[in-house]
Amino acid sequence: MQISEYIIHRLKSLKVSYVHNTKTPSELSNEIYTSLLSHKFRKYWANNSLREHCKKAIEICVSNNQPIAITFLQGAYKLRRLEESPEVDRAELFSTVYYSERLRHICEIYEPWVWFDFFVDDNIIPILNNVSTDDIETYIHSLQQLLNFLRDYQPDNMKMTITRVGDQFTSPQAFEKAITLQREKIIQNKPIFSQERLAMVELNAKPSEQQVQNPSRREDILITHDAYLIAKKATGYHFKDDKILAFPQKLSSGTVIALGTTKHSIVKSRIGIGALQKEWDSYNEYILSPKQIETYHPTKERITIELLRGKNFTHINIF
């Protein structure tokens with residue numbers, strides 16, 4: 001099978017239609033719950049708190065005939081060390097196709113629709129990682145273009161949207177004030193950070209000359225990061241009884257569904273590249289981290305998919 005044929009086949013397989021059923025609201029809620037919490041959808045074990053919240057959220061949505069709302073936590077930038085930066089590439093394509101595939105059964109049994117909402121961190125990224133606002137806008141724009149492309153292939157009752165965290169504050173000044181307030185509270189508690197978290201700062205952040213001179217810059221970035229999470233939660237947008245949170249990897253809170261990014265990957269799409277692994281007459285979809293890129297040395301092959309625009313969609317990585 002040619003690569004273009006494989007990708008078109010994957011895209012066309014997403015389209016399903018709602019099939020009228022006579023299930024009671026309770027039966028419908030249980031089937032949606034089973035689908036969302038199945039091993040096909042999540043990568044990690046779901047604790048009791050997550051299961052109880054998902055069950056309650058689904059029951060609320062079904063009883064009110066409203067969309068099943070899944071809020072996906074996403075950073076609004078492509079890792080600076082990747083040549084694909086600052087736009088999305090096939091990593092985001094593979095992951096959105098993967099999520100669409102995993103949700104299509106719910107679209108078959110639940111008419112109102114499934115709402116998959118990318119809740120993107122935008123205003124905080126220049127502060128934490130020194131990524132330019134232009135790069136952030138470019139990334140969000142390219143992600144929206146990708147979602148527009150996918151729309152024709154997805155079920156009619158599936159919707160993927162982008163919601164910016166910054167828009168949940170009345171102004172940039174209100175955003176900065178909220179971060180400053182929470183930073184002061186965290187500093188008073190004299191936090192101690194693990195070496196693992198400190199190392200993650202080096203992966204994501206591009207320090208300024210002034211930050212390089214500061215021996216405590218990593219701790220300072222983590223304080224700002226944690227202050228941001230508190231301020232973000234206080235907006236009340238995503239922590240709601242009728243919303244289910246999702247993330248590519250397992251979080252310490254355990255109240256978020258860990259989806260992975262493809263059948264074979266858990267690497268976040270924004271910090272990796274999309275690549276295909278040849279297997280007999282088909283392919284496996286992967287998202288490769290910078291370290292995995294060095295290990296597998298993927299090669300680029302030219303490919304064009306009609307209407308799929310962007311500098312990173314003229315070729316594909318193969319390993």
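Let me start with strands S1 and S2, which in this predicted model pair in the parallel sense over eight bridges. If you want one position to locate on screen, take Ile68, whose bridge partner in S2 is Val114. Between these two strands the chain passes from S1 through helix H4, residues 90–109, to S2, and the β-α-β crossover made in this way is right-handed.

Staying with S2, which covers residues 114–121, we find that seven bridges join this strand to S3, and that the two run parallel. Two of the pairings are worth pointing out: Asp117 has Thr161 in S3 as its bridge partner, and Phe119 stands opposite Thr163, also in S3. Helix H6, residues 133–151, packs on the sheet here, touching S1, which spans 68–75, as well as S2 and S3, and the direction of H6 makes about 170° with that of S3.

How enclosed is S2 by the rest of the structure? Seven of its eight residues are buried, taking buried to be under 20% relative accessible area, and S2 is therefore largely enclosed by the rest of the structure.

Let me now step back to the whole sheet. Five strands form an open sheet, in the order S3-S2-S1-S4-S5, with parallel pairing. Strand S3, at 158–164, and strand S5, at 257–258, stand at the edges with a single partner strand each, which means that one side of each is left without a neighbour in the sheet. As a general reminder, strands of a sheet pair through backbone hydrogen bonds, in either a parallel or an antiparallel manner.

Definitions and conventions: Residues are numbered from 1 along each chain as its sequence is written. This is a predicted model: local features need pLDDT of at least 70, side-chain atom pairs count only at pLDDT 80 or more; totals for chains, interfaces and linings use all residues. Side-chain values use heavy atoms; hydrogens and water are left out. Two strands pair if DSSP finds at least two bridges between them. Helices (H or I, at least four residues) and strands (E, at least two) are DSSP runs, numbered from the N terminus. Contact means heavy atoms within 4.5 Å. Axes are lines fitted to C-alpha atoms, for helices over the stretch in contact, and angles run from 0 to 180 degrees between N-to-C directions. Buried means under 20% relative accessible area, exposed over 50%, partly exposed in between (1.4 Å probe, protein chains only). A crossover is right-handed if, with the strands pointing away from the viewer, the path from the first strand over the helix to the second runs clockwise.
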